[in-house]
Amino acid sequence: MITVINSVALSGIDGIMVSVESGASSSNKPRLDIIGLPDAAVKEASGRVYSAARSCCINLKKGVLTVNLAPADLRKEGSVYDLPILLSITDETKLNLCDLSKKCFVGELSLNGDVRSINGCLAMAVAARDNGFKEIYVPAVNANEASAAEGIDVFPVKNVRQLINHLIGAEPIEKTSFNRDDFLKDISAHPLDFSDVKGQSAAKFAAEIAAAGGHNLLLIGPPGSGKSMIASRLPSILPPLSLKESIECTEIYSVAGLLTDGLITKRPYRSPHHSASPNALVGGGAIPRPGEISLAHNGVLFLDEFTEFPKVTREALRQPLESRNVTVSRVNNTITYPASFMLVCAMNPCKCGYFGHPTRECTCSPASRHDYISRVSGPLLDRIDIQTEVPPLDYRDLHCDEASETSAQIRERVINAREFATRRFKDKNEFVPNASLSSSEMRKHCVMTSEAEQTLEKAYKVLSLSARGHDRLLKVARTIADIHESEKIERAHIAQAMHLRSLDRKYWS
Ligand SMILES: Nc1ncnc2c1ncn2[C@@H]1O[C@H](COP(=O)(O)OP(=O)(O)OP(=O)(O)O)[C@@H](O)[C@H]1O
Ligand SMILES: [Mg+2]
(Lines give C-alpha, C1' and ligand atoms only; values in the text may rest on other atoms or scores of the structure.)
(Ligands and ions follow the chains in the order given, each with its own letter.)
Protein backbone atom coordinates (compact mmCIF):
# COMPACT_ATOMS: atom_id res chain seq x y z
CA MET A 1 0.00 0.00 0.00
CA ILE A 2 1.21 3.52 -0.81
CA THR A 3 1.05 6.12 1.96
CA VAL A 4 1.03 9.81 1.04
CA ILE A 5 2.00 12.60 3.45
CA ASN A 6 1.88 16.29 2.49
CA SER A 7 4.84 18.60 2.95
CA VAL A 8 6.22 21.84 1.48
CA ALA A 9 9.39 22.78 -0.43
CA LEU A 10 10.74 26.29 -0.86
CA SER A 11 11.70 28.12 -4.03
CA GLY A 12 12.97 31.53 -2.98
CA ILE A 13 10.30 32.63 -0.53
CA ASP A 14 7.53 30.69 -2.27
CA GLY A 15 6.32 27.41 -0.85
CA ILE A 16 5.57 24.53 -3.24
CA MET A 17 3.51 21.53 -2.10
CA VAL A 18 5.37 18.24 -2.03
CA SER A 19 3.87 14.75 -1.66
CA VAL A 20 5.97 12.30 0.33
CA GLU A 21 4.90 8.88 -0.99
CA SER A 22 6.15 5.63 0.45
CA GLY A 23 5.83 2.03 -0.60
CA ALA A 24 7.29 -1.18 0.83
CA SER A 25 8.44 -4.43 -0.76
CA SER A 26 9.29 -7.48 1.29
CA SER A 27 12.91 -8.30 1.93
CA ASN A 28 14.91 -9.63 4.82
CA LYS A 29 17.29 -6.67 4.70
CA PRO A 30 15.52 -3.40 5.68
CA ARG A 31 16.51 -0.40 3.58
CA LEU A 32 15.19 3.10 2.87
CA ASP A 33 15.62 4.61 -0.59
CA ILE A 34 14.72 8.27 -1.09
CA ILE A 35 14.07 9.39 -4.67
CA GLY A 36 12.67 12.56 -6.30
CA LEU A 37 15.74 14.78 -6.76
CA PRO A 38 16.87 14.86 -3.11
CA ASP A 39 20.05 16.71 -2.09
CA ALA A 40 22.60 15.25 0.34
CA ALA A 41 20.72 16.51 3.44
CA VAL A 42 17.48 14.84 2.29
CA LYS A 43 19.31 11.57 1.55
CA GLU A 44 20.70 11.57 5.07
CA ALA A 45 17.15 11.71 6.45
CA SER A 46 17.07 7.90 6.74
CA GLY A 47 19.64 7.90 9.58
CA ARG A 48 17.74 10.54 11.53
CA VAL A 49 14.32 8.99 10.86
CA TYR A 50 15.31 5.44 11.97
CA SER A 51 17.04 6.73 15.09
CA ALA A 52 14.15 9.06 16.04
CA ALA A 53 11.63 6.24 15.56
CA ARG A 54 13.71 3.89 17.73
CA SER A 55 14.08 6.54 20.47
CA CYS A 56 10.32 7.19 20.52
CA CYS A 57 9.29 3.51 20.25
CA ILE A 58 7.51 3.95 16.91
CA ASN A 59 7.27 0.91 14.66
CA LEU A 60 8.22 1.46 11.03
CA LYS A 61 7.23 -0.59 7.98
CA LYS A 62 9.49 -3.56 7.29
CA GLY A 63 11.40 -4.50 4.14
CA VAL A 64 12.78 -2.30 1.39
CA LEU A 65 11.07 1.09 1.64
CA THR A 66 11.00 3.57 -1.21
CA VAL A 67 10.13 7.17 -0.45
CA ASN A 68 9.35 9.36 -3.44
CA LEU A 69 9.24 13.13 -3.11
CA ALA A 70 6.91 14.47 -5.79
CA PRO A 71 6.99 16.45 -8.05
CA ALA A 72 10.12 14.57 -9.07
CA ASP A 73 11.57 17.39 -11.18
CA LEU A 74 11.75 19.85 -8.24
CA ARG A 75 15.04 19.79 -6.35
CA LYS A 76 14.40 18.92 -2.65
CA GLU A 77 16.79 20.52 -0.22
CA GLY A 78 17.43 20.47 3.50
CA SER A 79 16.03 18.47 6.34
CA VAL A 80 12.38 19.65 6.42
CA TYR A 81 11.17 16.31 5.04
CA ASP A 82 12.41 14.25 8.03
CA LEU A 83 9.05 14.47 9.81
CA PRO A 84 6.82 13.65 6.80
CA ILE A 85 9.18 10.82 5.77
CA LEU A 86 8.88 9.28 9.23
CA LEU A 87 5.07 9.54 9.12
CA SER A 88 4.96 8.00 5.65
CA ILE A 89 6.85 4.89 6.77
CA THR A 90 5.24 4.33 10.20
CA ASP A 91 3.59 0.96 10.45
CA GLU A 92 -0.12 1.90 10.32
CA THR A 93 -1.16 -1.64 11.23
CA LYS A 94 0.21 -0.96 14.73
CA LEU A 95 -1.12 2.62 15.03
CA ASN A 96 -4.56 4.03 14.45
CA LEU A 97 -3.66 7.42 12.99
CA CYS A 98 -6.39 9.91 12.07
CA ASP A 99 -6.95 11.03 8.45
CA LEU A 100 -3.79 12.91 7.37
CA SER A 101 -4.92 13.94 3.89
CA LYS A 102 -5.74 17.60 4.82
CA LYS A 103 -2.71 17.99 7.09
CA CYS A 104 0.76 19.12 6.20
CA PHE A 105 4.05 18.35 8.00
CA VAL A 106 7.50 19.95 8.07
CA GLY A 107 10.39 19.54 10.48
CA GLU A 108 13.90 18.24 10.99
CA LEU A 109 14.42 15.36 13.43
CA SER A 110 17.16 14.88 15.96
CA LEU A 111 18.36 11.38 16.75
CA ASN A 112 16.28 11.29 19.95
CA GLY A 113 13.06 12.28 18.14
CA ASP A 114 12.98 15.98 18.98
CA VAL A 115 11.74 18.25 16.18
CA ARG A 116 14.28 20.91 15.28
CA SER A 117 13.72 24.36 13.79
CA ILE A 118 13.69 24.91 10.03
CA ASN A 119 14.09 27.94 7.76
CA GLY A 120 11.18 29.38 5.81
CA CYS A 121 8.37 28.06 8.03
CA LEU A 122 6.04 31.06 7.49
CA ALA A 123 6.32 30.79 3.69
CA MET A 124 5.50 27.07 4.02
CA ALA A 125 2.42 27.75 6.16
CA VAL A 126 1.22 30.38 3.66
CA ALA A 127 1.64 27.91 0.77
CA ALA A 128 -0.19 25.15 2.66
CA ARG A 129 -3.07 27.52 3.44
CA ASP A 130 -3.27 28.74 -0.16
CA ASN A 131 -3.40 25.13 -1.34
CA GLY A 132 -6.44 24.36 0.79
CA PHE A 133 -4.81 22.59 3.75
CA LYS A 134 -6.48 23.11 7.11
CA GLU A 135 -3.62 22.14 9.45
CA ILE A 136 0.15 22.39 9.40
CA TYR A 137 2.47 20.72 11.93
CA VAL A 138 5.69 22.64 12.43
CA PRO A 139 8.66 22.59 14.83
CA ALA A 140 7.49 24.21 18.11
CA VAL A 141 10.16 26.92 17.86
CA ASN A 142 8.78 28.01 14.46
CA ALA A 143 5.11 27.99 15.49
CA ASN A 144 4.83 31.71 16.39
CA GLU A 145 6.21 32.71 13.02
CA ALA A 146 3.98 30.23 11.11
CA SER A 147 0.85 31.35 12.99
CA ALA A 148 0.98 34.71 11.14
CA ALA A 149 -0.35 32.81 8.11
CA GLU A 150 -3.88 33.18 9.37
CA GLY A 151 -6.45 30.78 7.89
CA ILE A 152 -4.63 27.56 8.70
CA ASP A 153 -4.29 25.88 12.12
CA VAL A 154 -0.66 25.73 13.24
CA PHE A 155 0.34 22.91 15.61
CA PRO A 156 3.69 23.21 17.42
CA VAL A 157 5.54 19.88 17.58
CA LYS A 158 8.33 19.36 20.09
CA ASN A 159 8.80 15.66 19.68
CA VAL A 160 7.72 12.82 17.40
CA ARG A 161 6.11 10.89 20.27
CA GLN A 162 4.01 13.95 21.14
CA LEU A 163 2.89 14.19 17.48
CA ILE A 164 1.93 10.51 17.29
CA ASN A 165 -0.05 10.82 20.56
CA HIS A 166 -1.90 13.76 19.00
CA LEU A 167 -2.58 11.94 15.72
CA ILE A 168 -4.01 8.88 17.48
CA GLY A 169 -6.21 11.15 19.61
CA ALA A 170 -4.51 10.26 22.91
CA GLU A 171 -3.09 13.65 23.87
CA PRO A 172 -4.07 16.63 21.66
CA ILE A 173 -1.51 19.37 20.97
CA GLU A 174 -2.81 22.88 21.49
CA LYS A 175 -2.61 24.96 18.32
CA THR A 176 -0.68 28.25 18.25
CA SER A 177 -2.81 31.30 17.47
CA PHE A 178 -1.49 34.56 16.09
CA ASN A 179 -1.49 37.37 18.63
CA ARG A 180 -2.17 40.71 16.90
CA ASP A 181 -1.71 42.67 20.14
CA ASP A 182 1.81 41.31 20.56
CA PHE A 183 2.52 42.36 16.97
CA LEU A 184 1.18 45.88 17.46
CA LYS A 185 2.96 46.39 20.81
CA ASP A 186 6.29 47.65 19.58
CA ILE A 187 6.02 48.16 15.84
CA SER A 188 6.79 51.87 15.98
CA ALA A 189 9.51 51.90 18.65
CA HIS A 190 12.94 52.77 17.25
CA PRO A 191 16.16 53.09 19.24
CA LEU A 192 17.54 56.15 17.37
CA ASP A 193 15.87 59.56 17.07
CA PHE A 194 16.31 62.52 14.73
CA SER A 195 16.34 64.91 17.70
CA ASP A 196 19.99 63.82 18.24
CA VAL A 197 20.96 65.39 14.89
CA LYS A 198 21.79 69.05 15.34
CA GLY A 199 21.43 71.52 12.44
CA GLN A 200 21.50 69.95 8.95
CA SER A 201 17.97 71.13 8.25
CA ALA A 202 18.32 70.73 4.45
CA ALA A 203 19.55 67.14 4.76
CA LYS A 204 16.80 66.33 7.25
CA PHE A 205 14.16 67.74 4.90
CA ALA A 206 15.63 65.68 2.06
CA ALA A 207 15.35 62.60 4.31
CA GLU A 208 11.72 63.48 5.03
CA ILE A 209 10.88 63.74 1.31
CA ALA A 210 12.72 60.48 0.64
CA ALA A 211 10.71 58.76 3.37
CA ALA A 212 7.39 60.20 2.16
CA GLY A 213 7.85 59.07 -1.45
CA GLY A 214 10.14 56.04 -1.01
CA HIS A 215 12.89 57.83 -2.96
CA ASN A 216 16.55 56.81 -3.02
CA LEU A 217 18.87 59.26 -1.32
CA LEU A 218 22.54 60.21 -1.69
CA LEU A 219 24.26 62.13 1.12
CA ILE A 220 27.54 63.88 0.26
CA GLY A 221 29.68 65.66 2.79
CA PRO A 222 33.01 65.84 4.62
CA PRO A 223 33.90 63.35 7.37
CA GLY A 224 32.00 63.67 10.62
CA SER A 225 29.19 65.91 9.36
CA GLY A 226 26.40 63.51 10.31
CA LYS A 227 25.71 61.45 7.16
CA SER A 228 25.69 58.10 8.97
CA MET A 229 23.66 59.63 11.82
CA ILE A 230 20.94 60.78 9.41
CA ALA A 231 20.87 57.49 7.48
CA SER A 232 20.58 55.33 10.59
CA ARG A 233 17.61 57.41 11.77
CA LEU A 234 15.65 57.08 8.52
CA PRO A 235 13.67 54.01 9.62
CA SER A 236 12.44 56.04 12.61
CA ILE A 237 10.53 58.44 10.32
CA LEU A 238 9.01 55.75 8.12
CA PRO A 239 5.47 54.61 8.99
CA PRO A 240 5.23 51.46 11.13
CA LEU A 241 5.22 48.17 9.21
CA SER A 242 1.79 46.91 8.22
CA LEU A 243 1.02 43.27 8.95
CA LYS A 244 1.31 42.46 5.23
CA GLU A 245 4.76 44.09 5.06
CA SER A 246 5.79 42.39 8.28
CA ILE A 247 4.84 38.98 6.85
CA GLU A 248 6.86 39.68 3.69
CA CYS A 249 9.92 40.66 5.77
CA THR A 250 9.51 37.70 8.10
CA GLU A 251 9.35 35.26 5.17
CA ILE A 252 12.64 36.63 3.85
CA TYR A 253 14.44 36.58 7.21
CA SER A 254 13.10 33.11 7.92
CA VAL A 255 14.32 31.73 4.58
CA ALA A 256 17.71 33.35 5.27
CA GLY A 257 17.82 31.66 8.70
CA LEU A 258 18.01 35.04 10.46
CA LEU A 259 14.71 34.98 12.33
CA THR A 260 15.03 34.82 16.09
CA ASP A 261 11.40 34.60 17.16
CA GLY A 262 7.97 35.60 15.88
CA LEU A 263 7.52 38.30 13.29
CA ILE A 264 9.80 41.11 12.14
CA THR A 265 8.07 44.16 13.62
CA LYS A 266 10.52 46.95 12.80
CA ARG A 267 11.36 48.39 9.40
CA PRO A 268 14.55 46.67 8.28
CA TYR A 269 17.74 48.72 8.25
CA ARG A 270 20.74 47.04 6.67
CA SER A 271 24.17 48.60 6.37
CA PRO A 272 26.56 46.08 4.83
CA HIS A 273 30.28 46.85 4.83
CA HIS A 274 31.88 47.78 1.51
CA SER A 275 33.87 44.53 1.56
CA ALA A 276 30.58 42.58 1.12
CA SER A 277 30.63 40.37 -1.99
CA PRO A 278 28.10 40.91 -4.82
CA ASN A 279 26.37 37.68 -3.74
CA ALA A 280 26.08 38.89 -0.15
CA LEU A 281 24.59 42.14 -1.40
CA VAL A 282 22.13 40.95 -4.06
CA GLY A 283 21.68 37.30 -3.09
CA GLY A 284 22.54 33.97 -4.66
CA GLY A 285 25.48 31.67 -4.09
CA ALA A 286 25.90 27.89 -4.24
CA ILE A 287 23.13 27.50 -1.64
CA PRO A 288 20.99 30.50 -2.63
CA ARG A 289 20.15 32.95 0.12
CA PRO A 290 18.50 36.36 0.07
CA GLY A 291 21.09 39.14 -0.05
CA GLU A 292 21.20 42.43 1.83
CA ILE A 293 18.88 44.09 -0.71
CA SER A 294 16.17 41.54 0.10
CA LEU A 295 16.84 41.72 3.84
CA ALA A 296 16.23 45.48 3.45
CA HIS A 297 12.86 44.82 1.70
CA ASN A 298 10.26 47.34 2.97
CA GLY A 299 13.06 49.20 4.75
CA VAL A 300 16.36 50.97 4.22
CA LEU A 301 19.60 49.74 2.66
CA PHE A 302 22.42 52.05 3.74
CA LEU A 303 25.65 51.89 1.78
CA ASP A 304 28.18 53.97 3.72
CA GLU A 305 31.39 55.01 1.95
CA PHE A 306 29.54 54.19 -1.27
CA THR A 307 32.53 54.77 -3.55
CA GLU A 308 34.51 52.11 -1.66
CA PHE A 309 32.14 49.35 -2.83
CA PRO A 310 33.67 47.50 -5.79
CA LYS A 311 32.30 48.55 -9.17
CA VAL A 312 30.72 45.16 -9.84
CA THR A 313 28.84 45.33 -6.50
CA ARG A 314 27.62 48.90 -7.10
CA GLU A 315 26.45 48.14 -10.62
CA ALA A 316 24.68 44.95 -9.47
CA LEU A 317 22.18 47.24 -7.75
CA ARG A 318 20.95 48.78 -10.99
CA GLN A 319 18.54 46.05 -12.06
CA PRO A 320 16.89 45.45 -8.65
CA LEU A 321 16.51 49.20 -8.14
CA GLU A 322 14.28 49.28 -11.23
CA SER A 323 12.43 45.99 -10.87
CA ARG A 324 12.16 45.96 -7.05
CA ASN A 325 13.07 42.29 -6.96
CA VAL A 326 16.10 40.22 -7.82
CA THR A 327 16.37 37.01 -9.80
CA VAL A 328 19.29 34.71 -9.06
CA SER A 329 20.23 31.89 -11.41
CA ARG A 330 20.74 28.33 -10.36
CA VAL A 331 21.96 25.30 -12.29
CA ASN A 332 18.49 24.26 -13.46
CA ASN A 333 16.18 27.09 -12.44
CA THR A 334 15.95 30.67 -11.18
CA ILE A 335 14.79 32.11 -7.88
CA THR A 336 13.23 35.53 -7.36
CA TYR A 337 13.46 37.37 -4.05
CA PRO A 338 11.59 40.61 -3.31
CA ALA A 339 13.85 43.67 -3.00
CA SER A 340 11.78 46.82 -2.62
CA PHE A 341 14.01 48.98 -0.49
CA MET A 342 15.00 52.61 -0.06
CA LEU A 343 18.63 53.02 -1.04
CA VAL A 344 20.56 55.52 1.04
CA CYS A 345 24.18 56.10 0.06
CA ALA A 346 26.75 58.26 1.81
CA MET A 347 30.07 59.43 0.42
CA ASN A 348 32.68 62.13 0.76
CA PRO A 349 33.02 64.61 -2.11
CA CYS A 350 36.60 63.46 -2.83
CA LYS A 351 39.28 61.08 -1.57
CA CYS A 352 40.57 63.41 1.21
CA GLY A 353 36.97 64.32 2.02
CA TYR A 354 37.31 68.11 2.05
CA PHE A 355 36.51 69.28 -1.50
CA GLY A 356 34.24 72.33 -1.15
CA HIS A 357 34.91 72.57 2.61
CA PRO A 358 34.66 76.19 3.83
CA THR A 359 37.77 76.09 6.04
CA ARG A 360 39.88 73.06 5.14
CA GLU A 361 41.80 72.71 1.96
CA CYS A 362 41.25 69.78 -0.34
CA THR A 363 44.53 68.01 -1.11
CA CYS A 364 43.24 65.99 -4.08
CA SER A 365 44.32 66.69 -7.65
CA PRO A 366 41.52 67.35 -10.17
CA ALA A 367 42.27 63.97 -11.78
CA SER A 368 41.98 62.11 -8.47
CA ARG A 369 38.76 63.98 -7.67
CA HIS A 370 37.33 63.03 -11.04
CA ASP A 371 38.43 59.43 -10.61
CA TYR A 372 36.80 59.28 -7.16
CA ILE A 373 33.49 60.87 -8.06
CA SER A 374 33.09 58.98 -11.33
CA ARG A 375 32.99 55.70 -9.42
CA VAL A 376 29.28 56.50 -9.13
CA SER A 377 28.24 55.96 -12.74
CA GLY A 378 25.68 58.08 -14.58
CA PRO A 379 23.06 55.31 -14.81
CA LEU A 380 23.38 54.64 -11.07
CA LEU A 381 23.17 58.33 -10.23
CA ASP A 382 20.09 58.55 -12.45
CA ARG A 383 18.37 56.06 -10.12
CA ILE A 384 19.02 58.15 -7.01
CA ASP A 385 16.17 60.66 -6.93
CA ILE A 386 17.49 62.89 -4.20
CA GLN A 387 21.05 64.07 -3.70
CA THR A 388 21.81 66.32 -0.80
CA GLU A 389 24.85 67.90 0.75
CA VAL A 390 25.60 67.40 4.43
CA PRO A 391 27.95 70.32 5.09
CA PRO A 392 30.29 70.63 8.08
CA LEU A 393 28.33 71.53 11.17
CA ASP A 394 28.51 75.07 12.47
CA TYR A 395 29.75 75.35 16.10
CA ARG A 396 26.62 77.32 17.04
CA ASP A 397 24.37 74.62 15.54
CA LEU A 398 26.20 71.93 17.50
CA HIS A 399 25.77 73.82 20.78
CA CYS A 400 22.30 75.12 20.07
CA ASP A 401 20.00 74.61 23.09
CA GLU A 402 16.89 74.59 20.96
CA ALA A 403 15.50 71.06 20.78
CA SER A 404 15.61 69.54 17.30
CA GLU A 405 12.48 68.01 15.87
CA THR A 406 11.84 64.45 17.01
CA SER A 407 11.42 61.50 14.69
CA ALA A 408 7.77 61.20 15.82
CA GLN A 409 7.04 64.75 14.62
CA ILE A 410 8.66 64.15 11.23
CA ARG A 411 7.01 60.75 10.90
CA GLU A 412 3.59 62.31 11.36
CA ARG A 413 4.16 64.51 8.30
CA VAL A 414 5.48 61.51 6.35
CA ILE A 415 2.37 59.50 7.24
CA ASN A 416 0.10 62.43 6.26
CA ALA A 417 1.85 62.76 2.90
CA ARG A 418 1.52 59.02 2.29
CA GLU A 419 -2.17 59.10 3.22
CA PHE A 420 -2.69 62.03 0.84
CA ALA A 421 -0.95 60.04 -1.92
CA THR A 422 -2.96 56.90 -1.17
CA ARG A 423 -6.21 58.75 -1.89
CA ARG A 424 -5.15 58.86 -5.55
CA PHE A 425 -5.24 55.05 -5.65
CA LYS A 426 -8.83 54.43 -4.58
CA ASP A 427 -8.94 51.09 -6.40
CA LYS A 428 -5.78 49.73 -4.73
CA ASN A 429 -6.35 51.29 -1.30
CA GLU A 430 -2.72 50.80 -0.46
CA PHE A 431 0.28 53.09 -0.57
CA VAL A 432 2.16 53.15 -3.86
CA PRO A 433 5.47 55.01 -3.36
CA ASN A 434 5.81 57.90 -5.81
CA ALA A 435 9.30 56.63 -6.52
CA SER A 436 7.86 53.48 -8.11
CA LEU A 437 4.98 54.99 -10.12
CA SER A 438 4.72 53.43 -13.57
CA SER A 439 4.82 55.68 -16.65
CA SER A 440 1.06 55.60 -17.06
CA GLU A 441 0.47 56.23 -13.33
CA MET A 442 2.92 59.11 -13.50
CA ARG A 443 1.12 60.71 -16.44
CA LYS A 444 -2.19 60.32 -14.61
CA HIS A 445 -1.14 61.50 -11.15
CA CYS A 446 1.65 64.03 -11.74
CA VAL A 447 -0.58 66.84 -12.98
CA MET A 448 1.20 70.20 -13.05
CA THR A 449 0.08 73.81 -13.13
CA SER A 450 1.09 75.59 -16.36
CA GLU A 451 3.88 77.52 -14.52
CA ALA A 452 5.23 74.27 -13.16
CA GLU A 453 5.21 72.81 -16.67
CA GLN A 454 7.16 75.75 -18.06
CA THR A 455 9.75 75.43 -15.28
CA LEU A 456 10.14 71.73 -15.91
CA GLU A 457 10.58 72.25 -19.63
CA LYS A 458 13.28 74.83 -18.98
CA ALA A 459 15.00 72.52 -16.49
CA TYR A 460 14.91 69.62 -18.95
CA LYS A 461 16.78 71.65 -21.55
CA VAL A 462 19.18 73.54 -19.30
CA LEU A 463 20.11 70.54 -17.13
CA SER A 464 20.18 68.15 -20.16
CA LEU A 465 18.12 65.66 -18.19
CA SER A 466 17.69 62.10 -19.44
CA ALA A 467 14.13 60.84 -19.84
CA ARG A 468 14.63 58.87 -16.62
CA GLY A 469 16.02 61.98 -14.89
CA HIS A 470 12.92 63.92 -15.99
CA ASP A 471 10.57 61.24 -14.61
CA ARG A 472 12.44 61.05 -11.33
CA LEU A 473 12.40 64.82 -10.88
CA LEU A 474 8.66 64.85 -11.51
CA LYS A 475 8.11 62.07 -8.96
CA VAL A 476 10.08 63.94 -6.28
CA ALA A 477 8.01 67.05 -7.07
CA ARG A 478 4.87 64.90 -6.65
CA THR A 479 6.08 63.90 -3.17
CA ILE A 480 6.78 67.52 -2.20
CA ALA A 481 3.26 68.41 -3.40
CA ASP A 482 1.90 65.54 -1.26
CA ILE A 483 3.68 66.90 1.81
CA HIS A 484 1.91 70.20 1.14
CA GLU A 485 -1.35 68.37 0.39
CA SER A 486 -1.55 69.95 -3.04
CA GLU A 487 -3.51 68.12 -5.77
CA LYS A 488 -1.46 69.71 -8.55
CA ILE A 489 2.32 70.02 -8.72
CA GLU A 490 3.20 73.70 -8.49
CA ARG A 491 6.20 75.67 -9.68
CA ALA A 492 7.75 75.77 -6.21
CA HIS A 493 7.56 71.98 -5.96
CA ILE A 494 9.42 71.57 -9.26
CA ALA A 495 12.02 74.11 -8.13
CA GLN A 496 12.57 72.27 -4.85
CA ALA A 497 12.84 68.94 -6.64
CA MET A 498 15.43 70.45 -9.00
CA HIS A 499 17.42 71.66 -6.03
CA LEU A 500 17.41 68.10 -4.65
CA ARG A 501 19.03 66.86 -7.86
CA SER A 502 21.52 69.67 -8.26
CA LEU A 503 24.61 67.94 -6.89
CA ASP A 504 25.20 65.89 -10.01
CA ARG A 505 25.96 69.18 -11.78
CA LYS A 506 28.19 70.40 -8.98
CA TYR A 507 30.25 67.23 -8.61
CA TRP A 508 29.73 65.09 -11.70
CA SER A 509 29.81 67.60 -14.54
N1 LIG B 1 24.57 66.99 12.99
C2 LIG B 1 25.13 66.44 14.08
N3 LIG B 1 24.55 66.58 15.29
C4 LIG B 1 25.09 66.04 16.38
N5 LIG B 1 26.21 65.28 16.37
C6 LIG B 1 26.84 65.09 15.21
C7 LIG B 1 26.33 65.65 13.99
N8 LIG B 1 27.12 65.29 12.99
C9 LIG B 1 28.10 64.54 13.52
N10 LIG B 1 27.93 64.41 14.86
C11 LIG B 1 28.81 63.66 15.76
O12 LIG B 1 29.87 63.14 14.97
C13 LIG B 1 29.85 61.71 14.96
C14 LIG B 1 30.15 61.21 13.57
O15 LIG B 1 29.05 61.48 12.73
P16 LIG B 1 28.74 60.58 11.47
O17 LIG B 1 29.28 59.22 11.67
O18 LIG B 1 27.31 60.68 11.14
O19 LIG B 1 29.61 61.32 10.36
P20 LIG B 1 29.74 60.98 8.83
O21 LIG B 1 29.29 62.18 8.09
O22 LIG B 1 29.05 59.73 8.52
O23 LIG B 1 31.31 60.85 8.66
P24 LIG B 1 32.19 59.91 7.66
O25 LIG B 1 32.23 60.61 6.33
O26 LIG B 1 33.51 59.88 8.29
O27 LIG B 1 31.53 58.59 7.61
C28 LIG B 1 28.48 61.33 15.46
O29 LIG B 1 28.50 60.10 16.12
C30 LIG B 1 28.13 62.47 16.38
O31 LIG B 1 28.69 62.25 17.65
MG1 LIG C 1 29.73 57.79 8.00
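What share of the contacts in the protein chain with a separation of 6 or more comes from residues 24 or more positions apart? The figure is 74%. Keep in mind as you read that this is a predicted model.

Let's start with the overall picture. The protein chain has 509 residues, and 44% of them count as buried. Its C-alpha atoms fill a box of roughly 85 × 45 × 45 Å, taken along the principal axes. DSSP-style bookkeeping gives 23 helices and 18 strands for the protein chain.

A good place to go next is the sheet that holds strand E10. This is an open sheet of 5 strands, pairing in parallel, and its order reads E11-E14-E17-E10-E18. The edges are E11 (269–270) and E18, each of which pairs on one side only.

Take strand E10, residues 217–220, and look at its two neighbours in turn. With E17 (residues 342–347), E10 runs parallel and is joined by 4 bridges. Two of the partnerships are easy to pick out on screen: Leu217 has Val344 as its bridge partner in E17, and Ile220 has Met347. With E18 (residues 386–389), E10 also pairs in the parallel sense, over 4 bridges. Here Leu219 finds its bridge partner in Thr388.

Now for the faces of these strands. In a regular strand the side chains alternate between the two faces of the sheet. In E10, Leu217 and Leu219 sit on one side and Leu218 and Ile220 on the other, and all of them are buried, so both faces of the strand are covered. E17 tells a similar story: 6 of its 6 residues are buried. Met342, Val344 and Ala346 take one side of E17, while Leu343, Cys345 and Met347 take the other.

E17 has another partner too. Strand E14 (residues 300–303) pairs with E17 in the parallel sense over 4 bridges, and Leu303 of E14 has Cys345 as its bridge partner in E17. What lies across this part of the sheet, over E10, E17 and E18? That is helix H8, residues 201–213, which runs at about 165 degrees to E18.

From the sheet we can move to the nonpolar core. The largest one has 135 residues, and the members that touch the most other members are Leu86, Ala125, Ile136 and Val138. The element that gives the most to this core is helix H4 (residues 121–130), with 8 residues. Val138 is a handy residue to click on here. Leaving aside residues up to four places away in sequence, Val138 touches Val106, Gly107, Cys121, Ala125, Ala143, Ala146, Val154, Pro156 and Val157.

Helix H4 also holds Asp130. Is Asp130 buried, exposed or partly exposed? Asp130 counts as partly exposed, because it has 14 C-beta neighbours inside 10 Å, and that class lies between the cut-offs of 12 or fewer for exposed and 20 or more for buried. Asp130 and Ser436 are 306 residues apart in sequence, and their C-alpha atoms are 28 Å apart in space.

Ser101 makes a useful contrast in setting. You'll find Ser101 in the loop between helix H3 (82–88) and strand E5 (103–105). Why does Ser101 count as exposed? Because Ser101 has 9 other C-beta atoms within 10 Å, and 12 or fewer is what the exposed class asks for. Ser101 and Phe133 are 32 residues apart in sequence but 8.7 Å apart in space, C-alpha to C-alpha.

Last stop: ligand 1. There are 15 residues around ligand 1, and the ones that come nearest are Lys198, Pro223, Gly226, Lys227 and Ser228. Which element supplies the largest share of the shell around ligand 1? It is helix H9 (residues 227–232), with 3 residues. Sorted by class, the shell around ligand 1 holds 8 polar, 5 nonpolar and 2 charged residues.

Notes. Residues are numbered from 1 along each chain as its sequence is written. Chains are lettered from A and ligands numbered from 1 in the order in which they are written. This is a predicted model: local features need pLDDT of at least 70, side-chain atom pairs count only at pLDDT 80 or more; totals for chains, interfaces and linings use all residues. A residue is near a molecule or strand if its C-beta atom, placed from the backbone, lies within 6 Å of it. Ala, Val, Leu, Ile, Met, Phe, Trp, Tyr, Cys and Pro count as nonpolar, Asp, Glu, Lys and Arg as charged, and the others, Gly among them, as polar. A nonpolar core is a set of buried Ala, Val, Leu, Ile, Met, Phe, Trp, Tyr and Cys residues joined through C-beta atoms within 7 Å. Two residues are in contact if their C-beta atoms, placed from the backbone, lie within 7 Å. Two strands pair if DSSP finds at least two bridges between them. Axes are lines fitted to C-alpha atoms, for helices over the stretch in contact, and angles run from 0 to 180 degrees between N-to-C directions.
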